[in-house]
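Let us go through some features of a structure, one at a time. Each turn takes a general idea and then the case at hand.

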Amino acid sequence: MTQTPAQTELPPQYDPASSEAALYKEWLDAGIFTADPSRSRRNGGDRKPFVIVMPPPNVTAVLHMGHGLNNTVQDVIIRWRRMCGDEALWLPGTDHAGIATQNVIEKQLAGEGKTRFDLGRDAFVARTTGFVSETGGTILEQLKAIGSSCDWTRTAYTLSPELSKAVREAFVQLHERGLIYRGHRVIHWCSRCLTSLSDEEAEHSEETGALYHVSYPLTDGSGSITIATTRPETMLADVAVAVHPDDERYKHLIGKTLTLPIANVEIPIIADAEGVDPAFGTGAVKITPAHDANDFEMGTRHKLPMPVILSPEGTMANGVDAGSRVPSELLGIDRFEARERVVQMLKHLNALVKIESHTHAVRHCYRCDTVVEPRLSDQWFVKMKPLAEPALQAVRDRKIRILPERWEAVYVNWLEGIRDWNISRQLWWGHRIPVWYCDACGEVTVSRDDIANCPKCGGPARQDEDVLDTWFSSWLWPFSTLGWPNKESVDLKAFYPTDDLVTAPEILFFWVARMIMGGFAFMGEAPFHTVYLHGTVRDMKHVKMSKSLGNGIDPLDVRALFGTDALRYTVIAGLGMGADVMLDPTDLEKSFAPGRNFVTKLWNIGRFLLTNVGEETVQPLDAISADRLRRADRWILHRLNEAIAECDAALGPARPRDGVWAESELRSGLRLSEYTEAARRFVWNELADWYLESTKSRIAGGGDDSDVARAVLAHCFDSALRLLQPIVPFITDMLWRRLPIAAEDRGDFVGRAAWPQRNEKFAAEPEFELVREAINAVRQLRADYSLPPGERIHAHLDTSAGANGSRDQSVFADEGEFISRITRCEISADGTGGSEAGATILLSSGSKIVVPLAGVIDMEKECRKTKAELEKLQNQLTALEGRLDNPGFTDRAPANVVAAERQKQIEWTARREQLTQKVISLCGS
RNA sequence: GGGCGAGUAGCUCAGUUGGUUAGAGCGCCUGCCUUACACGCAGGAUGUCGGGGGUUCGAGUCCCUCCUCGCUCACCA
């Protein structure tokens, strides 16, 4: 692209729609998002790598505000680091999302009146693959639309051949290390998705159910025992009733048998101290080993049979070991309908004692919300305890920090109670489990490569039908995407470990914790040093946005209305650490006003500034000697220093020193709203509101001073645009490329310009602060007296009382033109005050501004106001003096605090004198 | 039920190791179309810092307690 400042006139209105796509294409064409592993220090280059791997969205996903927020945060961070000179890599990709994607295709099939079983496995997988290859890039294209500066040359996909290889390697390695095993136990079963779920995928939710008390008669007719259950239909699979061995109510019955109503099966009364709480319910527990995890444990302990009475679909059936327990009239009935019927049957048998209302936690499928059924089956599990240890230690040792801090406790709490991970899914869409069974000799083979024959007996080998949990591929993401298991991979060397992981708290366990475990298990190193958990996008009632609830906002709608930058600015500015973002889906205008307003303001600042600075290249700041700078120049350059410092403090440090977070830095950085506010305040409230105003006449006046003002303006705006680029990359680039700055001081795009540095030459500028104080006071006075905005007034500077008289006179003499222009008030700077009665402005320097307002001023009102001010000050001063008279304070408070209080006392006392004088002159005696 | 967190201006949130006049954005009120911007400019109002108790010379900040929300984990059938 051309280096010449754009000659084109900036249109009065910023039109994002007409420029965003073209700008993004320029960035892509220039390859500014593409990371180069040879530049990474780890590969002998001279740059620190800075890497973020994107939480891969589902391959079937469509962009929503959650993605918008998540990816904007990552983009802001990576753009910041890119400007700071890091070899920045933001690695994008998608996730094959087993259950979700399979559901999409099954729904399609249902529309055609078919099921996946009609197609068969191969055809189903082929169809799904086809669907994904057609639509799978949608969300990634949408991410481009919102400006995401990902390295698209490295786009990954969990079901790609490369990542599938990683999955298999991981499985085999863990198996070799004895950390993967096949277990026969009760797992969570979704009867709609027809698959098992991990503990994390079966979410608890509180529900009001019922506790059914059912009487089981003793077989010998000598009485009965009443059990309590929430799922009476499962009684058909009962194999025993357990009581506590010390329970006096039942002690004598242990060893006797009961006749199970309806099923008419004889079952024993057993004693179990672990599984029975005598205080709950009736103190007698029905044991249903095949349909309850706890009962399974007891069943195993007591070597009880484990009949299955539910089909995979959740209907009543006589399954394994069930004989004819389920009567024919219940066969094929859905479990919830069966519950009602069983209760009715028990009523008829006079076996139902009572029904109590009972709130308890019921597990639901996290994908489809179906009530999860505990089900006995064979599944593959990962032994988690050994994997959790280093993951726990890494956080304790501060190799990894989690922001906001409170999530660390949640993380630790979860890992300490970790349970084995069921990784088998009875789906067709996913990584097929790399295990082969030989029906001839019974050999089980775990293999990196597909096998056709049993390595032991040569008989035909049959691969496990199941696929792996999608998260089993996700937990490898930080290194599988970089080439693992090829340890010689250049990318892996250059970019692992990564730096920040940005996601929502919902997947802290599903993904983040497991990734950390995976990092240690397969790479021997933590995958990142910072986990940044951002809030959730909610509506005005604080309800999480979702398509199904209809309270969502489409980021692309927002983009069409206000532009990408407005969208990005709004969410980043509103994103306090860990705080949720509230947006109103019914009023986009209002919701995105902060971003839209800011972008418009920035555009107008740019328009004005570029017009005034003109197209002739300005001198670099370094070429301007100190004596050419005026108060306003020094002031704004100091304010810029402060803004840079605030942005840096809010954003960084980017990484821990020596791999471990120091206590002092453990909680700092990534305060994106603070960073945004610091940059906004500089460009809007300081550069535009004050400095820009102060340069108007200087630039119009021409000459050397004009060149100085032009140079300072260009420099400050250049820096401001750089500070803002990560948040609003489009408009900053549009404006920045038009700045008339020498070619050698810039690059091609602001997106890879250097992050601004403080210039210690510029310190605080109290004389310009005095000017601002005077201007503010005059403005306030004009408003107080409702002086027409157009009316010019006159005032006198009275320096007789202050210690800075001559300085103040020269300040007001020099800056008079500026003051007068923006306040329409001429201030005579001769220091004499003047004789007319008027309002008095007391400046902190000790000088006064006397504004004669004969006929306008309301002496009584002015008197009242001043008296009130004096009274308030007097009260504060009294308290202050009381403090300073208190030895308890002066002796025990730190010296600097006491000194500050004494200084304040001097200032307040002086001001009290000023005010007292003012009261006397205004109010008479 | 276990663990954790929050309650500060109408709303969303900042408030560093306790330091004494508690801040920002948005919203609200008043006046202005001042030749970059009314998506703007200027001015203004608003808080017993959830309640109560305590430690301290001093508490939004530390301790106790109560109340109210939220998150997270959990096999009380």
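**Reading the chain**

Q: What surface does chain A expose, and which share of it do carbon and sulfur atoms supply?
A: Accessible areas come from the Shrake-Rupley method with a 1.4 Å probe, and for residues only the protein chains shown count as cover. Chain A exposes about 38,300 Å², of which carbon and sulfur atoms supply 51%. This is a predicted model, in which local features need pLDDT of at least 70 and side-chain atom pairs count only at pLDDT 80 or more, while totals for chains, interfaces and linings use all residues. Residues are numbered from 1 along each chain as its sequence is written, chains are lettered from A and ligands numbered from 1 in the order in which they are written, and side-chain values use heavy atoms, with hydrogens and water left out.

Q: What radius of gyration does chain A have, and what would a compact globule have?
A: The radius is taken over C-alpha atoms, and the globule rule is 2.2 Å times the number of residues to the power 0.38. For 925 residues a compact globule would be near 29 Å, but chain A has 37 Å. The C-alpha trace of chain A spans about 120 × 65 × 55 Å along its principal axes.

Q: How many of the residues in chain A, as a percentage, are buried?
A: Buried means under 20% relative accessible area, exposed over 50%, and partly exposed in between (1.4 Å probe, protein chains only). In chain A, 55% of the 925 residues are buried.

Q: Where is Glu26, and is Glu26 buried or partly exposed?
A: Helices (H or I, at least four residues) and strands (E, at least two) are DSSP runs, numbered from the N terminus. Chain A has 28 helices and 29 strands. Glu26 sits in helix α1 (residues 16-30). Its relative accessibility is 27%, so Glu26 counts as partly exposed. The C-alpha atoms of Glu26 and Phe749 are 9.3 Å apart, although 723 residues separate the two along the chain.

Q: How many aromatic pairs does a search of the whole structure find?
A: Rings of Phe, Tyr and Trp (its six-membered ring) pair if their centres lie within 6.5 Å; planes under 30 degrees apart count as stacked, over 60 as edge-to-face and the rest as tilted. The search finds 27 pairs. One of them, Trp414 with Phe509, is stacked because the ring centres are 4.6 Å apart and the planes lie at 15°. Trp414 belongs to helix α11 (residues 406-416) and Phe509 to helix α15 (residues 508-523), so the pair ties together parts 95 residues apart in sequence. Trp414 is buried at 15% relative accessible area, whereas Phe509, at 22%, is partly exposed.
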